[in-house]
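Me: I would like to learn how to read strands, sheets and burial in a protein model. Could you take me through one example step by step?

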Amino acid sequence: MTHTHTHSTAQTGNGPAESPSGHGPVSRVRGMAVDVTTDGLPAWLDPVASAARSVRPQQLSRFLPPESGAGRQSAVLVLFGEGERGPELLLMERAGTLRSHAGQPSFPGGALDPEDGDQATTGPLRAALREAEEETGLDPRGVQLFGVLPRLYIPVSSFVVTPVLGWWRAPSPVGAVDPAETARVFTVPVADLTDPENRATAVHPSGHSGPAFLVESALVWGFTAGVIDRIVHYAGWERPWDRTRQVPLDWRA
């Protein structure tokens, strides 16, 4: 993956494909076969794939989907690539004007649409790829899905989230497709995520606390940091870090 073009702002041709009728974008995911396979994965991703097969929901978060089935079904794409500094992870920063999770770094993702299909099978896979394409302009045809983590819950927004793991087998240019939704798109080396100097505990005024990462001029916290923290832990990549180091959040967070 060459960063000289991968991180450029999405220009014409980098976003979703145009429909033949010219009536707007049509996702490349539509009509694309989606499946989960570990064939051909780089060896460094084997621990992540292995963890995805065995990890239980309670090992990832204390916030689990309501037994009533309530909540808005959604999915995120946890996309690993190979950069100039080795393994890396794709993130985006949400626009500061959004009503929910404004300004927060996050994985690409969003709510399932009817066109995504069955929410119990391929729906989350298609949704993760479609949303990533819509938000970052990446070509989903270059992504190999290799695992799916248990569904988790975000109480503040009532989202039931399926984290879908992907390998960026054939990288494509990415950038903020819609500045009203996305402030920027960036990658973070896994080496920076595992560096103890970049780790802290984020503390919200409500009393909630959780893992945080200070990387790429961003504070990654909340749901996204929680998923990264658990992946790093169960993949065996975690290094001892100072859990007493705190980063305070404000009420707007």
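The dialogue below goes from the overall make-up to one strand and then to a sheet.

Me: What does the secondary structure of the protein come to, and what share of its residues count as buried?

Reply: Bear in mind that this is a predicted model. The secondary structure comes to six helices and 14 strands, and of the 253 residues 51% count as buried, where buried means under 20% relative accessible area. The protein exposes about 12000 Å², of which carbon and sulfur atoms supply 50%.

Me: How do I read contacts along the sequence, and what percentage join residues at least 24 apart?

Reply: One takes the contacts between residues at least 6 apart in sequence, and in this protein 69% of them join residues at least 24 apart.

Me: Why is strand β9 described as largely enclosed by the rest of the structure?

Reply: One checks burial residue by residue: in β9, which spans residues 159-168, 10 of the 10 residues are buried, so the strand is largely enclosed by the rest of the structure. Both faces are covered, with Phe-159, Val-161, Pro-163, Leu-165 and Trp-167 buried on one side, and Val-160, Thr-162, Val-164, Gly-166 and Trp-168 buried on the other.

Me: Which strands are joined to β9 by bridges, and in which sense do they run, parallel or antiparallel?

Reply: Strand β3 (residues 72-83) runs parallel to β9 and is joined to it by nine bridges, with Ala-75 standing opposite Thr-162. Strand β7 (residues 143-148) runs antiparallel to β9, with five bridges, and here Val-148 stands opposite Val-164. Strand β8 (residues 152-154) is also antiparallel to β9, with three bridges, and Ile-154 has Phe-159 as its bridge partner. In the hairpin of β8 and β9, four residues lie between the strands, and Ser-158 takes a positive phi near 60°.

Me: How do I read strand order in an open sheet, and which strands stand at the edges?

Reply: One lists the strands from one edge to the other, and in the open sheet of four strands that order is β13-β12-β11-β14, with mixed pairing. Strands β13 (218-220) and β14 (246-248) stand at the edges, each with a single partner strand, so one side of each is left without a neighbour in the sheet. The twist averages 40° from one strand to the next. Strand β11 (residues 199-203) pairs with β14 in the parallel sense over three bridges, and Val-203 has Pro-248 as its bridge partner in β14.

Me: Which helix packs on that sheet, and what does it touch?

Reply: Helix α6 (residues 222-234) packs on the sheet and touches β11, β12 (209-215) and β13, its direction making about 85° with that of β12.

Definitions and conventions
Residues numbered from 1 in each chain as written. Predicted model: local features only at pLDDT ≥ 70, side-chain atom pairs only at ≥ 80, totals over all residues. Heavy atoms only, no water. Buried < 20%, exposed > 50% of the residue type's maximum accessible area, 1.4 Å probe, protein only. Helix = DSSP H or I, 4+ residues; strand = E, 2+ residues; numbered from the N terminus. Pairing = 2+ DSSP bridges. Axes fitted to C-alpha atoms, helices over the stretch in contact; angles between N-to-C directions. Contact = heavy atoms within 4.5 Å. Areas by Shrake-Rupley, 256 points an atom, 1.4 Å probe, with all protein chains shown as cover.
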